[in-house]
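This briefing is intended for a reader who is new to the structure. Please consult the sequence and the model below before reading on.

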Amino acid sequence: MIKQLKIKFKNISIKHKLYFVVGIMALLIAVELISLWFSINTLSSVRAYVGAEGLWSKAQKDAVYHLQKYGRTMDVKDYQSFLEFMKVPIGDHKTLIELSKKNPDMAIARQGFLEGRSHPEDIDGMINLFRRFNDVYYIHEAINIWTEADTKVALLIPIGERLNSEINSENTSKKRIDAIIKEIDPINLELTKLEDDFSYTLGEGSRWLENLVLKLLFAIALTVEFTGLFLTISVSIAISKGIGAVIGVADKVADEDFSERAKIFSNDEIGKLAHSFNNMVDDLSKNLADRNESERKLKGQKELYETLIKTQSEMGEGVAIIENQKIIFANQALCKMYDYTESEILEMSSFLDIVAPEDKDRLAIRLNERLSGKELSDFGETSVIRKDGQLINIEYSIKLARLENKNLLISIVRDITEKKKAAEKLKEYALKLEKSNKDLEQFAYIVSHDLREPLRTISGYVQLLEQRYKGQLDSDADEFIEFAVNGTKRMDNLIVDILAFSRIGTENQEHQLTDFGKVLDIVIATSQESITNSNAIINIGPMPKLLVNELHMIQLFQNLINNALKFQEERIPQIDISAKEQKSHWLFEVKDNGIGIDGKYLKKIFTIFQRLHSMAQYDGTGIGLAICKKIVEQHGGNIWAESEVGKGTSFYFTIENRVKKN
């Protein structure tokens with residue numbers, strides 16, 4: 001069966017083989033993209049549940065707070081606030097009950113999430129996650145925790161009703177009120193633990209899903225890679241084998257050895273080419289005597305023919321000699337190009353017979369101009385019609401020759417059909433690349449936004465813990481909270497820097513004439529606090545005006561100056577900034593007296609996330625110098641550093657010397 005499939009595949013056309021290869025690749029890539037889309041949606045739904053838990057938890061805490069306050073103030077507004085905040089867990093309770101049914105009413109489930117203040121765009125994903133992944137351990141466990149918490153929070157409603165009745169009764173008792181309020185704290189503590197367990201379980205599930213997705217995508221990517229490689233190599237070998245057979249016989253034909261024929265391996269285009277080539281060799285062999293006779297008749301022109309034909313034929317270019325618009329000689333490359341035999345071309349009344357109608361008049365005028373001695377540019381373009389009716393694009397040159405008292409035109413012809421197709425494809429690829437860059441920038445923005453949103457939620461609650469409980473817990477807890485706060489801040493800075501790095505080269509690249517002196521004024525103004533606190537000395541030499549992206553230049557100098565201020569020991573920072581005009585560019589130097597860099601790391605420091613020091617020594621994301629490198633390269637320059645440990649570092653970069661717009 002497999003052998004039969006191989007034979008069938010071997011005999012189909014190259015076009016269909018390529019269609020098959022591209023189709024398989026497209027299918028695999030589509031599977032990869034669908035998997036990625038599904039994974040992102042699922043992770044987004046998990047994120048939505050975490051956010052909903054935050055809303056649920058906050059509403060529950062606020063409800064408890066106002067209920068306890070109501071017991072103290074007996075102000076009905078506090079009881080109303082309690083009822084208002086309880087709408088969030090009540091709404092989520094409505095969804096939980098409905099989704100637990102065998103055939104739930106989705107309208108009721110959605111309404112419950114809306115009352116629970118979940119974002120409308122997240123609700124469908126949250127419902128799907130609940131129903132599709134209920135059997136997954138982490139989701140199942142999270143739902144069980146939610147169910148238990150839902151039962152616990154429901155106990156607050158009758159407590160609130162009893163408290164309200166007691167406060168509004170004629171014989172209000174402070175003792176009974178206190179007894180009712182004491183029932184709240186145990187429930188609140190149980191709910192706090194359940195809320196923590198819910199978040200932790202979803203976090204574990206999210207990490208499990210992320211690892212699963214990465215493994216799946218890696219497996220699909222490997223499948224795409226190896227499948228494409230295997231299919232491409234298979235098709236390439238088949239094509240090379242057939243072409244190699246034709247070339248081997250062609251080499252013998254070039255030596256006038258007509259004893260061999262090209263082996264035919266398949267019935268595709270290469271096989272048909274080999275068959276046609278063999279027929280051509282037969283024709284050549286049969287007409288060898290006629291060719292020799294023609295050569296004798298053209299003995300006076302032999303030297304020209306041999307030199308021209310050998311040179312151009314080796315290059316695969318057609319050669320035609322024209323007398324009074326009639327072709328009197330055509331090499332095999334030209335015959336093959338036009339799909340005519342040599343005798344058919346020589347029998348034509350005019351070479352204009354095969355020129356496209358719209359180009360005939362223009363080409364006739366050019367020939368007359370050349371015959372009159374006028375110089376013409378090498379290779380302009382035109383179109384000709386092959387014997388099979390196919391229109392091909394060619395470029396040609398025309399030279400005037402005087403032989404045996406005759407004015408002859410020698411034309412060199414190149415088939416540029418594929419070249420023009422390639423140019424069109426290149427243009428199409430450029431448009432696709434431009435769109436891809438725009439999509440990439442949008443994707444980076446969305447990803448950074450989605451990453452920062454849960455980060456801000458985590459940071460907010462950790463800071464709330466710090467404000468409420470700092471000093472009330474043990475020293476380890478205070479230290480852990482501080483670590484968490486600092487960690488979320490560093491992560492937020494990292495996301496911002498990654499977004500900035502991804503935007504360089506994809507955002508608006510319009511350049512304008514920029515005064516570098518003013519650029520440095522802006523940078524120093526924005527860094528004034530750090531400069532003042534460190535008593536830094538900054539010396540700036542004469543600066544040029546160049547055609548650049550001003551915002552990028554501000555970002556470039558800001559990163560270099562901030563590094564010079566940061567990587568210091570006990571001495572007063574001194575930064576010297578200078579610029580020198582070179583032949584085709586400007587060379588800038590930012591020199592400091594900081595801690596310096598070991599020479600073996602000088603090539604690594606411009607790599608993204610490359611850090612030479614721990615966060616405890618010097619903070620930062622490890623992206624600043626990578627951004628500098630990308631900015632400089634976007635402006636046609638290079639950046640490097642020279643340094644000595646303990647004696648400071650000099651950063652050099654070049655910018656193209658352009659002062660006017662083209």
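The notes that follow cover a sheet and a pair of helices. The model is predicted. Its features described here include an open sheet of 5 strands with mixed pairing and the crossing of helix H18 with helix H20, which is right-handed.

**The sheet**

- The strands of the open sheet follow the order E7-E9-E10-E12-E11.
- Strand E7, residues 537-540, and strand E11, residues 639-644, form the edges, and each of them pairs on one side only.
- On average, neighbouring strands of this sheet are turned by 15° against each other, with direction ignored.

**The pairing of E11 and E12**

- Strand E12 spans residues 648-656 and pairs with E11 in the antiparallel sense, over 6 bridges.
- Ala-641 stands opposite Phe-651, a residue in E12.

**The helix pair**

- Helix H18 covers residues 516-526 and helix H20 covers residues 550-566; their axes come within 9 Å and cross at roughly 50°.
- Because of that crossing, H18 counts as oblique to H20.
- The handedness of the crossing of H18 and H20 is right-handed.
- On the H18 side, the contact is made by Phe-516, Val-519, Leu-520, Ile-522, Val-523 and Thr-526.
- On the H20 side, the contact is made by Glu-550, Met-553, Ile-554, Phe-557, Gln-558 and Ile-561.
- Sorted by class, the contact between H18 and H20 has 9 nonpolar, 2 polar and 1 charged residues.

Note on methods:
Residues numbered from 1 in each chain as written. Predicted model: local features only at pLDDT ≥ 70, side-chain atom pairs only at ≥ 80, totals over all residues. Heavy atoms only, no water. Pairing = 2+ DSSP bridges. Helix = DSSP H or I, 4+ residues; strand = E, 2+ residues; numbered from the N terminus. Axes fitted to C-alpha atoms, helices over the stretch in contact; angles between N-to-C directions. Parallel < 35°, antiparallel > 145°, perpendicular 65-115°, else oblique. Left-handed = near helix turned anticlockwise from the far one by under 90°. Contact = heavy atoms within 4.5 Å. Nonpolar A, V, L, I, M, F, W, Y, C, P; charged D, E, K, R; others polar.
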